[in-house]
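Hi,

Here is the model I promised to pass on. Have a look at it first, and then read my notes below.

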Amino acid sequence: MATAATTTPAKMQAVQYDAYGGGAAGLKHVEVPVPSAKKNELLLKLEAVAINPADWKIQQGELRPLVPRKFPFIPGIDVAGVVVDVGPGVNGFQAGDQVVAMLTLSSGGGLADYAVASESLTVKRPPNVSAAEGAGLPVAAGAALKALKAIGAKFDGTGEPLNVLVTAASGGVGLYAVQLAKLAGLHVTATCGARNAELVRSLGADEVLDYKTPDGASLKSPSGKKYDGVVHCTSGISWSTFQPVLSDSGKVVDITPNNLSTILTTALHMVTFARKRLVPLWGPPNKAELEFLVTMLKDGKMKTLIDSRFPLSDVTKAWEKSIEGHATGKIIVEMEG
């Protein structure tokens, strides 16, 4: 086991908030003790962290009383960095390993120089995958992969040639979903703003709808195809809009199932055994899924599209950009030094 004492300082720079609300103005730069790796944990020196909508929604109180468990809270869960220490029971990693990790939603910790990650949600990062590219993966690419699997996509060549729709395809999840759907051999229709149509096409979308046009608002495929599945990456689209464009057993996988109408519609479909149904997506990617995603980046079969990069000292700008909701791809905060 590596010894942290010789390689890590006692204190580190971090960004935290002390209460619900406040937005970017509620973030505070602080100096706090470096955490230590406990059983089955790794201490990472962080190089990059992705800002996800979940981060500021937690700050707004959308997951209270579950998260955060206590204040002050250091947000951020999608990270990449280098292992500097391993706790008892860790066998697959050693100091010096470059990794991608997903921290727990309840503990956070990503907006800091160091963080503790569970071995079960940490994977090695090949040299040709940058820290920023790797940090973009866990929440967004993980959600895209899980949603496509729920629809029936397979990545070993044995899957059916399904027709899928990806809504908000130029966002963090959507850009990965388009690429992964094509890797699974699916026909992809995507919605996005006109300014991102060519980008989404370049990633493999067969058809692109401008969501601001009548055809885009109705979600109808230009070729008339019905969708076997929808990776639904936005909000504000009613079930009545999806229903006519789905195949007989089409599924809408909602990656942000946190409003009452979604929960009620899902429950109704379950109790009535509806063939067309709304399916909520819950849970993080597992280790095998994270390894698959990193491999796709390593092999050049998928890429992380980075909207913008900010140093930790400018984290408020990153936070504001995420809240604005118009990022094309991932917003990355990089650690200095």
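A word on labels before anything else: helices and strands here are DSSP runs, numbered from the N terminus, with at least four residues for a helix (H or I) and at least two for a strand (E). By that naming, N40 falls in the loop between β2 and β3, the latter being residues 41-51. Do keep in mind that this is a predicted model.

Let me stay with N40 for a moment. Its phi is near 60 degrees, which is a positive value in a residue that is not glycine. N40 counts as partly exposed because its relative accessibility is 35%, and partly exposed covers the range between under 20% (buried) and over 50% (exposed).

L219 is another one with a positive phi, about 70 degrees, and again it is not a glycine. You will find L219 in the loop between α6 (214-218) and β11 (227-232). Is L219 buried or exposed? Buried, because its relative accessibility is 2%.

Then there are the cis peptide bonds. One runs from V67 to P68, with omega near -5 degrees. Another goes from F71 to P72, also with omega near -5 degrees. P68 sits in the loop between α1 (53-60) and β4 (78-86), and P72 is placed in the loop between α1 and β4 too. I picked out these spots with a general point in mind: most residues other than glycine have a negative phi, and most peptide bonds are trans.

Now for the overall layout. The domain assignment splits the protein into domain 1, made of 11-125 plus 305-334, and domain 2, which is 140-280. Eight residues of domain 1 and 12 residues of domain 2 take part in the contact. Between the C-alpha centres of domain 1 and domain 2 there are 29 Å.

How much area is buried between domain 1 and domain 2? About 700 Å², with carbon and sulfur atoms giving 53% of it. On the domain 1 side, L305, T328 and K330 lose the most area to domain 2, and together they account for 63% of what that side buries.

As for polar links, the rule finds zero salt bridges across the interface of domain 1 and domain 2. It does find three residue pairs in polar contact across that interface. The domain 1 residues that touch domain 2 divide into two nonpolar, three polar and three charged.

Two more residues are worth a click. K28 lies in strand β2, which covers residues 28-33. With a relative accessibility of 43%, K28 counts as partly exposed. Leaving out residues up to four places away in sequence, K28 touches A14, V15, Q16 and D18. With D18 there is also a side-chain polar contact of 2.5 Å. Y17 is 11 residues from K28 in sequence, and their C-alpha atoms are 6.0 Å apart in space.

The other residue is N163, placed in strand β8 (residues 163-166). N163 is buried, because its relative accessible area is 16% and the cut-off for buried is under 20%. Again leaving out residues up to four places away in sequence, N163 touches H187, K225, K226, Y227, D228 and G229.

That's what I have so far.

Cheers

How values were computed
Residues numbered from 1 in each chain as written. Predicted model: local features only at pLDDT ≥ 70, side-chain atom pairs only at ≥ 80, totals over all residues. Heavy atoms only, no water. Domains from an automatic or database assignment. Contact = heavy atoms within 4.5 Å. Buried area = accessible area lost by both parts, 1.4 Å probe. Salt bridge = Lys/Arg side-chain N within 4 Å of Asp/Glu carboxyl O. Polar contact = N/O pair within 3.5 Å; in protein donor to acceptor, adjacent residues only side chain to side chain. Nonpolar A, V, L, I, M, F, W, Y, C, P; charged D, E, K, R; others polar. Buried < 20%, exposed > 50% of the residue type's maximum accessible area, 1.4 Å probe, protein only.
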